[in-house]
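Visitor: I'd like a close look at a single part of this protein. Could you pick one strand, walk me through its surroundings, and then show me a little of what lies elsewhere?

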Amino acid sequence: MSDWEKINERIDANKDEMIRTLQELIAIPSVVSEPVNDMPFGENVHEAFSYMLKKAEEEDFATFNADNYGGHIEFGGQIFDEEGDVVDVSNECMGIVGHLDVVPEGSDWDHEPYGGEIADGKIYGRGTADDKGPVVAAFYAMKALKEAGVNPAKKVRLILGLDEETNWDGMDYYLTKAPQPDFGFTPDSEFPAIHGELGILIFSIAKKLKTPKDKGLELRTLKGGQAPNMVPDNARAVLFDKDPQVYEMVKAAVTAFREEKKEEIPAFADGRASVHCKGVGKSLEITVKGISAHGSTPEDGVNAISIMMELLGRLDFVSDDVTDFIDFYNKRIGYELDGKSLGADFEDKVSGGSVLNAGKIDLDKKAVSLATNIRYPVTFTSDEIYEAIMPALDEYDLGLVKGKEEAPIFIPADDPFIVTLMDIYREHTGDKDSKPVVSGGGTYARMFRNCIAFGGRFPDEPDTMHQKNECLDLDSFVTMTKIYADAIYRLTQPGPDEEEAAEEE
């Protein structure tokens, strides 16, 4: 039996165990939270991290913990003498870089967000696709090689990130404690192979609000969204006016707006999106339900903030500052997904155009802040993007608070590394048509040399990352594991120089 037949056999034999492991990992709601003692990303993230390290140690893998900021699982690379004793370890290392933290679960799931339920051949739960499912697949790919008696000529290291969905501080710290792999991939995107990623900017557009001198309709609070890299599926505004007739006018405006949207937006017509208005004490509450999606693919969602801002733009508020900010949003952002009216619609032949997502808003009596996410083509720089959007902000006297920044990455499609990954993908799927793509997603590949995103979503599957009912097809789970096992096997074969040296010995 060949090495690959043994590896393939072990993956099939381990399928039920793989599923149980993923279910147990999903059950841990590993959303980053405030530090607790020596747990920098909160108790739940730490629990998920400890779970994977323990699982690896039970399988006799070597593990490394960088002070609970991240770590890795490792095997392979041993150099044996003629008697089969280990005499050295390879200096070369292949990295597989995933993460165990997840975005908040959101609302309106049909399955328990942390239940790991199986239905219709899929496993449901936050993290199944992003990124616990692919991490478990990579782990069982390594386990299959180990059980098949295959010793990679290079070290194989599954690196576990713990705050990928937030600030990446954990990976920064990890890399001060562990050396960079020589090459590798992150299973945190889609197949066939992501040979480039758009640059990412996260920033807030902010303004302090003056207290109006006159009396009239007030926007007391406005909140919406959960994170800049998620299409917001909720928004809530609280309005106040002493005149009850004004409330009746607002309610009528909301009713008319709702009927209008049923004609314009399919999700309103079928009930997946909605807008409601009701009295709460002496105030009036407006709520909008949208559809969440990943910030890199806002076209897959319905932005609740944009809907709310269009509606609020039809009301007459007493505060000029509030009115101006609503006007700015509707004229410069609105429903656009390319940042054109904001001045950020850049494009190149290699990677396409810019992507904009207004992900989170927070307004009270004193200030307003809009967390925004722009993904820009690989041939541009962050300075060019910021310079382009400043005139629109200056026009409305708005401030810019810079946040997370990730430079674009790009490896040519004809690079041997990309060619090998594409060959592996094609052989396991029969998909001869798909080509390497440049993605709007932001992965840990940006932090490592010679690293790209490779899987785990297949091209014909819906993208449920960051959305309600996030799920992973069980057959795809197995295929993904076999692809990763094959990638480890081929990419860690000894090079010509190593083979020649072995023959001389």
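Guide: Here is a walk that begins at one strand and then moves on to other parts of the chain. Please keep in mind that this is a predicted model.

Let's begin with strand β9, which covers residues 183–186. Phe 183 and Phe 185 point one way from this strand, while Gly 184 and Thr 186 point the other way. In a regular strand, side chains alternate between the two faces of the sheet. Are the four residues of β9 buried or exposed? All of them are buried.

Next, which strands pair with β9? One of them is β5, residues 93–99, which pairs with β9 in the parallel sense over 3 bridges. Here Phe 183 of β9 is the bridge partner of Met 94. Another is β24, residues 451–453, and this strand also runs parallel to β9, joined to it by 3 bridges. Opposite Phe 185 you will find Ile 452 of β24. Phe 183 and Phe 185, which point one way from β9, can thus be followed to Met 94 and to Ile 452 respectively.

Now for a second sheet, with antiparallel pairing. It is an open sheet of 8 strands, in the order β15-β16-β14-β13-β19-β20-β12-β21. Its edge strands are β15 (274–280) and β21 (399–406), each of which pairs on one side only. On average, neighbouring strands of this sheet are turned by 20° against each other, direction ignored. Within the sheet, β13 (residues 218–224) and β19 (residues 355–363) run antiparallel and are joined by 3 bridges. One point to find on screen is Leu 222, whose bridge partner in β19 is Leu 363.

A different spot to look at is the surface. Phe 80, Val 86 and Val 89 make a nonpolar surface patch of about 250 Å². Val 86 belongs to strand β4, residues 86–89. Val 86 can count towards such a patch because its relative accessible area is 47%, and patch residues need over 30%. With that value, Val 86 is partly exposed.

Finally, a word on the cysteines, since a bench biochemist may well ask. A disulfide is a covalent bond between the sulfur atoms of two cysteines. How many disulfides does a search of the whole structure find? The search finds 0. Among the cysteines, Cys 277 is partly exposed, with a relative accessible area of 23%, whereas Cys 471 is buried at 15%.

Conventions. Residues are numbered from 1 along each chain as its sequence is written. This is a predicted model: local features need pLDDT of at least 70, side-chain atom pairs count only at pLDDT 80 or more; totals for chains, interfaces and linings use all residues. Side-chain values use heavy atoms; hydrogens and water are left out. Patches are made of residues with over 30% relative accessible area and no salt bridge: like charges are joined within 9 Å, nonpolar side chains (Val, Leu, Ile, Met, Phe, Trp, Tyr) within 5 Å. Accessible areas come from the Shrake-Rupley method with a 1.4 Å probe; for residues, only the protein chains shown count as cover. A salt bridge is a side-chain nitrogen of Lys or Arg within 4 Å of a carboxyl oxygen of Asp or Glu. Helices (H or I, at least four residues) and strands (E, at least two) are DSSP runs, numbered from the N terminus. Buried means under 20% relative accessible area, exposed over 50%, partly exposed in between (1.4 Å probe, protein chains only). A disulfide is a pair of cysteine sulfur atoms within 2.5 Å. Two strands pair if DSSP finds at least two bridges between them. Axes are lines fitted to C-alpha atoms, for helices over the stretch in contact, and angles run from 0 to 180 degrees between N-to-C directions.
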